Structure formats: C-alpha cells, structure tokens
Amino acid sequence: MTTDENKIAQQNLYLGLESSCDETAAAIVAVGSGESPRIISSVIYDQSDLHENFGGVVPEIAARAHAERMDICVARALKEASLDLSAVTGIGVTAGPGLIGGVLSGVMCAKGLSLGSGKPLIGVNHLAAHALTPRLTDSVAFPYLMLLISGGHCQFLLVKGPQNFQRLGGTIDDAPGEAFDKTARLLGLDQPGGPAVEKAALNGDENQYKFPRPLLDRGGCDLSFSGLKTALLRARDLILKLQGGLYEADRSDFCASFQAAICDVLGEKSRRALSLYMALDPEEPVYAVAGGVAANQTIRGRLKEIAQAAGATFIAPPLSLCTDNAAMIAYAASELHQEGVCHDLTLSGRPRWPLDNSQPALLGGGKKGAKA
Ligand code: KG4
Ligand code: ZN
C-alpha cells in the first residue's frame with residue numbers, strides 16, 4: 001500500500017449524491033483519523049446544454065436526465081477513487097430542497113445503493129451542505145457566518161453545528177444570481193449572466209446609472225433584488241428610445257452600475273450580519289461565502305474588506321466547491337452520521353426544507369426551485 005492508500009484505509013469514506021437542480025453529481029470524501037477531510041473523487045454531469053434553449057432549468061428534463069445518469073455518475077466516482085461500495089462508510093444524498101423530480105431521482109438511487117450494500121443512508125439538506133463547505137475546505141470551527149449567494153439561494157446563516165443554523169436574513173424575492181442572469185438577458189449578453197456581466201462591467205462607469213439599493217433603509221439582514229432588474233429595464237428602454245440601440249459602452253455602464261448596486265446591498269447587509277455574529281464573541285471569527293455569485297471578484301473583494309474591517313477572516317472556497325457538487329453532500333453526510341443521523345427507506349424528498357424553522361419561510365420560488 002502507498003502512504004496515500006494507507007491513509008484512506010484508516011479514514012471513513014462517504015459517498016455523496018447530488019441532483020437537486022441541473023448538476024448530476026457523485027463524490028467520495030474521506031474524513032477522520034485526525035486528518036483534514038479529503039475529496040477522493042468528484043464527478044459532475046452538467047445539464048446546461050439540455051436546458052439552454054428554454055431560458056431556464058426545465059424540471060421534467062432535469063429529473064429525467066438525473067434518473068438516466070446518476071447510476072453512471074456514482075459508478076464513475078467509485079472508479080476514480082479505485083473503490084467499490086463495500087469500502088464506503090455511509091451514503092449521503094440530497095433530500096431537498098430543490099426541484100422535486102431531481103431530488104427524488106437521487107434519493108431513489110441512494111436507497112437502492114443502501115439496500116443493496118447494507119450501508120447507512122443519510123439524507124442531507126442541500127443548503128446545509130453548502131453551509132458546511134468551509135469545514136470541508138478549511139476545517140473552520142463553529143460558529144461562523146455564511147452568505148449563500150447563487151442563482152437559487154441568498155441567505156445569511158450563523159452556522160453553529162451540522163444541524164444548527166440560525167438564519168439572520170435572506171432574499172424576499174429573487175436570488176442575486178437570477179438578477180445577474182436577467183440583467184444579461186436584458187442587455188443581450190450570454191448566459192449564465194454573472195460572468196458576462198462581470199466582464200462587461202470592467203470597462204463601465206458604475207456612476208452612470210443610479211440603480212436602487214433595496215431594503216437598505218430598513219433594519220435587518222433581509223435582501224431584495226427584483227426591483228433592480230425593473231430599474232435596469234426602464235433605463236435600457238430609455239436608451240433604446242433615444243438611440244435606437246445599445247452601444248458596447250452602454251452595456252458596460254449598465255453592468256458596472258448594476259454590479260455596484262449589488263455590491264452595496266450585499267456589503268451593507270454583510271456589515272449588519274457581521275455585527276450580530278461578532279456579538280457572539282467567536283474565538284476565530286470567520287465570514288464565508290458559497291454559491292456561484294461568490295465567483296464575482298468585485299463582490300468578493302467588497303465582502304473581504306468588510307469581513308476584515310469587522311475582525312473576521314474571509315473564506316471563499318474554490319468555485320468548484322461553491323457551486324453545486326456532491327463532495328459537499330458526502331462531507332455533510334459524514335458530519336450528520338457522526339451526530340447519529342441515519343435514515344431508513346422511508347426517507348423522502350422535500351421541495352422545501354428550511355434550515356432554520358424558527359424563521360418565517362423565505363418567499364419566491366427561485367429559477368431553480370424553492371429557496372427554502
Ligand atoms: O451556485 P450556482 O452554480 O447554481 C445555483 O444557482 O444553485 O450559481 C449559478 C449562478 C448563476 O446565476 C450565475 O449567473 C451566477 O451564479 N454567477 C455569477 C458569476 N459566476 C456565476 N454571478 C456574478 N458574477 C460571476 N462571476
Ligand atoms: Zn446549491
């Protein structure tokens with residue numbers, strides 16, 4: 001045995017399955033024996049090509065593709081890890097929240113694997129898995145502050161334990177990724193909109209348009225992004241009326257002004273969330289982000305500045321672990337299993353599954369399903 005193989009043999013191995021949206025994913029993560037968690041394999045079949053012509057994820061197409069590919073994905077994750085199912089300690093699967101057809105495809109596949117192998121089945125909350133990612137990547141200690149910003153999610157969470165989350169606030173309408181995607185659509189830029197808007201914004205003047213900074217006048221950490229796109233639509237239509245079209249420079253100015261508004265809103269709400277978090281007097285304060293929007297360098301830079309000013313370390317996991325993946329599901333399963341969580345074949349999928357039941361449900365469906 002090589003040293004690496006030896007280390008793996010002493011650790012617990014978890015298989016994770018993810019199918020809540022448009023990524024079919026399976027991964028193996030090793031945990032325990034005093035080592036940092038390690039991703040042994042991580043396979044993702046992205047479905048974007050299947051949905052490309054529909055302007056968004058089509059739940060029925062997504063569910064069918066998950067059902068067709070999940071077993072193949074699991075087989076590949078095991079093969080890449082040079083393991084078979086008998087070596088695995090437990091099987092984690094996203095049991096919600098998300099598009100229910102896809103969630104059920106994953107849950108059914110995991111149940112079959114569990115039944116066939118006799119390995120424990122662990123249903124994982126997809127949002128909890130995102131929120132626990134800084135522990136997988138950086139072994140961050142509880143409690144830490146997390147901002148989930150993606151095309152489907154937007155919430156501030158105090159992460160106190162694998163099953164202990166306090167939501168400090170969240171979007172009352174769109175997620176920021178949706179706002180980026182809609183902005184790109186309005187300006188005739190490519191999808192997904194985030195990277196296209198970020199690129200165009202590089203050459204723009206962020207002071208050209210004064211877009212609203214919703215909910216800054218109200219206390220608390222809730223956010224709203226739907227008014228921004230309406231403001232952008234009006235401003236764009238005015239330019240179209242005046243000029244009959246958009247120049248490259250107009251697009252850049254729109255993108256820069258839009259991004260500045262998003263940054264201001266996320267920045268101010270982060271400041272508020274950080275002050276609530278710092279009041280807990282955490283030993284090693286950490287402000288972490290996850291989700292596709294966390295790839296945005298301008299947003300990342302602003303959040304880092306704000307974290308540091310508050311005395312917290314800023315952590316942004318690599319993008320491959322910020323966006324949907326199964327390594328986070330395998331890792332979350334390991335933490336839950338450690339806490340005694342184990343499901344039987346009555347495990348079912350949940351379209352909505354809030355992390356903090358003491359808070360009212362977040363509104364809005366999200367382009368990729370419920371925001372929970
Ligand atoms: O986390 P993710 O891959 O999927 C979910 O929505 O769950 O996030 C995708 C979202 C898309 O809306 C995309 O436009 C946005 O993340 N995004 C970005 C950037 N890269 C991806 N938004 C802003 N700036 C980026 N560089
Ligand atoms: Zn996600």
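Helices and strands are named here as DSSP runs, helices having at least four residues and strands at least two, and they are numbered from the N terminus. With that naming, Ser-82 can be placed in the loop between helix H3 (59-80) and strand S4. The structure described in this report is a predicted model.

**Backbone features in the loops**

Most residues other than glycine have a negative phi, and most peptide bonds are trans. Ser-82 departs from the first of these patterns, since its phi is near 55°, a positive value in a residue other than glycine. This serine is exposed, with a relative accessible area of 66%. Asp-281 likewise has a positive phi, near 55°, and this residue is found in the loop between helix H9 (248-278) and strand S9 (286-290). Its relative accessible area of 65% makes Asp-281 exposed.

Two peptide bonds that lead into prolines are cis: the bond from Gly-96 to Pro-97 has omega near -15°, and the bond that joins Phe-142 and Pro-143 has omega of about -10°. Pro-97 is found in the loop between strand S4 (90-96) and helix H4 (100-117), whereas Pro-143 has its place in the loop between H5 and strand S6 (144-149).

**Helix H5**

Helix H5 covers residues 126-138. At 1.5 Å a residue, its 13 residues should span 18 Å, and the end C-alpha atoms of H5 are 19 Å apart, which agrees. The helix nevertheless bends by about 40° at Leu-132, and a proline, Pro-134, follows within four residues. H5 is mostly covered, with 11 of its 13 residues buried; among them are His-126, Leu-127, His-130, Leu-132, Pro-134 and Arg-135.

**Two helix pairs**

Two packed helices are described by the angle between their axes and the distance between the axes. The table gives these values for two pairs.

| Helix pair | Angle between axes | Distance between axes |
|---|---|---|
| H5 (126-138) and H12 (327-338) | about 85° | 8 Å |
| H7 (193-201) and H9 | about 110° | 7 Å |

H5 and H12 pack at an angle of about 85°, and that makes H5 roughly perpendicular to H12. On the side of H5, the contact is made by His-126, Ala-129, His-130, Leu-132, Thr-133, Arg-135 and Leu-136, and these meet Ala-327, Met-328, Ile-329, Tyr-331, Ala-332 and Glu-335 of H12. By class, the contact of H5 with H12 has 8 nonpolar, 3 polar and 2 charged residues. Leu-132, where H5 bends, is thus also one of the residues through which H5 touches H12.

H7 and H9 pack at an angle of about 110°, which makes H7 roughly perpendicular to H9. In this pair, Val-197, Glu-198, Ala-200 and Ala-201 of H7 meet Ser-252, Cys-255, Ala-256, Phe-258 and Gln-259 of H9. The residues of the contact of H7 with H9 divide into 6 nonpolar, 2 polar and 1 charged.

**A buried histidine in H3**

His-66 has its place in helix H3, and this histidine is buried, with a relative accessible area of 0%. Leaving aside its neighbours within four places in sequence, His-66 is in contact with Ser-19, Cys-21, Asp-22, Glu-23, Thr-24, Gln-47, Gly-102 and Ser-105.

Methods
Residues are numbered from 1 along each chain as its sequence is written. Chains are lettered from A and ligands numbered from 1 in the order in which they are written. This is a predicted model: local features need pLDDT of at least 70, side-chain atom pairs count only at pLDDT 80 or more; totals for chains, interfaces and linings use all residues. Side-chain values use heavy atoms; hydrogens and water are left out. Axes are lines fitted to C-alpha atoms, for helices over the stretch in contact, and angles run from 0 to 180 degrees between N-to-C directions. Angles under 35 degrees count as roughly parallel, over 145 as roughly antiparallel, 65 to 115 as roughly perpendicular and the rest as oblique. Contact means heavy atoms within 4.5 Å. Ala, Val, Leu, Ile, Met, Phe, Trp, Tyr, Cys and Pro count as nonpolar, Asp, Glu, Lys and Arg as charged, and the others, Gly among them, as polar. Buried means under 20% relative accessible area, exposed over 50%, partly exposed in between (1.4 Å probe, protein chains only). The expected span of a helix is 1.5 Å times one less than its number of residues. The bend at a residue is the angle between axes fitted to the seven residues ending there and the seven starting there.
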